[in-house]
Amino acid sequence: MSELAELIAGWAIPGRIEWIGLRPDRRSEMIQKNEVFISDEGLSGDRSRAGKRAVTLIQQEHLAAIGSYLGRGPVTPKILRRNLVVSGINLVALKGREVQVGEAILRFTVICAPCSRMEEALGKGGYSAVRGHGGWCAEAVRPGRVKLGDAVKPVD
């Protein structure tokens with residue numbers, strides 16, 4: 001393995017699931033959960049799509065960044081409508097890799113770009129504040145249960 005490949009493959013500590021949310025219907029209020037089952041269709045009870053966008057994840061550390069771009073404190077996960085909030089590990093570094101999240105194995109596929117609703121939810125500049133900080137979409141490689149506090153780490 002080349003030196004660059006070794007650097008890219010490295011990680012310091014596992015991440016952790018800090019928040020779980022379901023979007024039962026389009027525009028419905030997010031439902032916060034303590035645990036959920038993830039299948040290839042996405043989170044049980046969520047309106048997610050099967051395939052490469054089955055699960056959405058965002059980095060907890062980015063909630064403060066988004067809020068600071070708006071001149072306020074951290075935004076809440078409910079506003080951004082992502083399924084899983086993860087702390088302690090750089091999600092960007094996991095792109096294209098298989099990642100164990102609780103009992104499930106996910107593969108990060110594409111960025112989760114903001115939608116025009118961010119202006120409505122966050123106010124003027126909301127869309128731009130989320131750009132580059134909106135998280136990732138993932139597909140389920142192996143179904144499993146995920147609960148608050150579960151580890152998030154690359155499958156080596």
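Is E35 buried, partly exposed or exposed? E35 counts as partly exposed, at 38% relative accessibility. The model is predicted. This briefing covers salt bridges, buried polar side chains and surface patches. The salt bridges come to a count of 7.

**Salt bridge E35–R145**

- E35 forms a salt bridge with R145, and the closest N and O atoms are 3.4 Å apart.
- E35 belongs to strand 3 (residues 35-39) and R145 to strand 10 (residues 144-147), so the salt bridge ties together parts that lie 110 residues apart in sequence.
- R145 counts as partly exposed, with 35% relative accessibility.
- Its partner E35 is also in the partly exposed class, because its relative accessibility of 38% falls between the 20% and 50% cut-offs.

**Salt bridge K78–E29**

- K78 and E29 meet through their side chains in a salt bridge, at 3.9 Å from N to O.
- This pair links distant parts of the chain, with the two positions 49 residues apart in sequence numbering.
- K78 sits in helix 3 (residues 77-80), while E29 sits in the loop between strand 1 and strand 2.
- K78 is partly exposed, with a relative accessible area of 36%.
- E29 is exposed, with a relative accessible area of 59%.

**Salt bridge R107–E98 and its network**

- The side chains of R107 and E98 form a salt bridge, with an N to O distance of 2.8 Å.
- Salt bridges with shared partners join E98, R107 and E139 into one network.
- R107 counts as partly exposed, at 27% relative accessibility.
- E98 is partly exposed as well, with a relative accessible area of 29%.

**Buried polar side chains**

- Q59 is located in strand 5.
- Q59 is buried, because its relative accessible area is 8% and the cut-off for buried is under 20%.
- A polar atom of the Q59 side chain lies 2.5 Å from the backbone oxygen of I89.
- The Q59 side chain also reaches the backbone nitrogen of L91, at 3.0 Å.
- S28 is placed in the loop between strand 1 (15-22) and strand 2 (31-33).
- S28 counts as buried, at 18% relative accessibility.
- The side chain of S28 reaches the backbone oxygen of D25 at 2.7 Å.

**Positive surface patch**

- R26, R47, R49, K52 and R53 form a positive patch on the surface.
- One of these residues, R47, lies in the loop between strand 4 (42-43) and strand 5 (55-59).
- R47 is partly exposed, with a relative accessible area of 43%.

**Nonpolar surface patch**

- L4, L7 and I8 form a nonpolar patch on the surface.
- Together they have about 330 Å² of accessible area.
- L7 lies in helix 1 (residues 3-9).
- L7 is exposed, because its relative accessible area is 61% and the cut-off for exposed is over 50%.

Technical notes: Residues are numbered from 1 along each chain as its sequence is written. This is a predicted model: local features need pLDDT of at least 70, side-chain atom pairs count only at pLDDT 80 or more; totals for chains, interfaces and linings use all residues. Side-chain values use heavy atoms; hydrogens and water are left out. Patches are made of residues with over 30% relative accessible area and no salt bridge: like charges are joined within 9 Å, nonpolar side chains (Val, Leu, Ile, Met, Phe, Trp, Tyr) within 5 Å. Accessible areas come from the Shrake-Rupley method with a 1.4 Å probe; for residues, only the protein chains shown count as cover. A salt bridge is a side-chain nitrogen of Lys or Arg within 4 Å of a carboxyl oxygen of Asp or Glu. Lys and Arg count as positive and Asp and Glu as negative; His and the chain ends are not counted. The place of a charge is taken as NZ of Lys, CZ of Arg, CG of Asp or CD of Glu. Helices (H or I, at least four residues) and strands (E, at least two) are DSSP runs, numbered from the N terminus. Buried means under 20% relative accessible area, exposed over 50%, partly exposed in between (1.4 Å probe, protein chains only). A polar contact is a pair of N or O atoms within 3.5 Å; within protein, one must be able to donate a hydrogen and the other to accept it, and residues adjacent in sequence count only if both atoms are side-chain atoms.
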